[in-house]
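Q: Please take a close look at a single part of this protein. I would like one strand, its partners and the loop beside it, set against the whole chain.

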Amino acid sequence: MERPRQRARMLMKVVTLLCPMVLCTAIESPQYAVVHSESDFEVRLYRDSTWMMSAPVRELSFEKSTLLGFHRLFQYIQGANLNYSRIAMTAPIVTSIVPGAGPLHSSAYFVGFYLPVKFQADPPTPLPELHLKPYAWDSHCVAVRKFSGFAKDEIVVREAEKLAVSLSRSPWANSTSSDSGYAYSIAQYNSPFQFIGRVNEVWVDIDAPGIDSCKSSEIATY
């Protein structure tokens, strides 16, 4: 029992050291256009992009899974790839929850990193032991709910449920996608040691071919 705790503490120390160098200076994010907006959520159309994703992390805790997945991704961007390339940090870090019967309605988590424009077309190949692989994210709509503070285990479930209720009362009811393979995602934009003004988001993929606004090819940069 003590060894996992020691490992988690070690990883947290790594993230602490990274904050001034990496997490606090993110400069690139995936591009999108807002196609629908309400008081408590919005729908965004994201353009095609390439991400680097962890293999499934099969931990019960969302927080611990995110930390473990990010640790692999950080090694990758610091040069643990076949090109020895150093890759600039981006935002957000996205943890996708695979639906299941666990305490957070999950069976596993994928942790993803948006690749900078420089590496979108040809990502450096990660070292095999990191268990990472590039993921092509096709242009599609995402329902987004913002929330502040820290993305704790109990909080992410509550925020996802609030988004589900909002969607059920909107034109996007019954439009959540079944193609993505995960129930929802949590996007985190800040260092774990930023205590004020934190921004997190719940993301749910939308599949609504009958809604014209999601067919638009016009993408604004945000």
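**Strand E9 and its surroundings**

A: Start with the order of elements: along the sequence, the protein reads α-β-β-β-α-β-β-β-β-α-β-β. That makes three helices and nine strands. The model is a predicted one.

A few totals set the scene. The protein has 222 residues, and 49% of them count as buried. Its exposed area is about 11500 Å², with 55% supplied by carbon and sulfur atoms. Take the contacts between residues at least 6 apart in sequence: 74% of these join residues at least 24 apart.

Now the strand itself. E9 spans 200–206. It is mostly covered, with seven of its seven residues buried. In a regular strand, side chains alternate between the two faces of the sheet. In E9, Asn-200, Val-202, Val-204 and Ile-206 point one way. Glu-201, Trp-203 and Asp-205 point the other way. Both sets are buried.

E9 has pairings with E7 and with E8. Strand E7 covers residues 140–147 and runs antiparallel to E9, joined by seven bridges. Here Phe-147 stands opposite Asn-200 of E9. E8 also runs antiparallel to E9, and four bridges join the two. In this pairing Ser-185 stands opposite Trp-203 of E9. Trp-203 is one of the buried residues listed above.

Next, the loop that leads into E9. E8 is made of residues 184–188, and the loop between E8 and E9 holds Phe-193. Is Phe-193 buried, partly exposed or exposed? Phe-193 is partly exposed, because its relative accessibility is 36%, and that class lies between under 20% for buried and over 50% for exposed. Phe-193 also belongs to a nonpolar surface patch, together with Phe-195 and Ile-196. The patch has an area of about 380 Å².

One last stop lies on the E7 side. Arg-145 and Ser-39 are 106 residues apart in sequence, yet their C-alpha atoms are 9.8 Å apart in space. Residue 145 falls in the E7 range, 140–147. Ser-39 sits in the loop between E1 (32–37) and E2 (42–46). Ser-39 counts as exposed because its relative accessible area is 80%, and the cut-off for that class is over 50%.

To put the part together: E9 has seven buried residues, seven bridges to E7 and four bridges to E8. The loop between E8 and E9 contains Phe-193, which helps make the nonpolar patch.

Definitions and conventions
Residues numbered from 1 in each chain as written. Predicted model: local features only at pLDDT ≥ 70, side-chain atom pairs only at ≥ 80, totals over all residues. Heavy atoms only, no water. Patch = residues over 30% accessible without salt bridge, like charges linked within 9 Å, V, L, I, M, F, W, Y side chains within 5 Å. Areas by Shrake-Rupley, 256 points an atom, 1.4 Å probe, with all protein chains shown as cover. Salt bridge = Lys/Arg side-chain N within 4 Å of Asp/Glu carboxyl O. Buried < 20%, exposed > 50% of the residue type's maximum accessible area, 1.4 Å probe, protein only. Pairing = 2+ DSSP bridges. Contact = heavy atoms within 4.5 Å.
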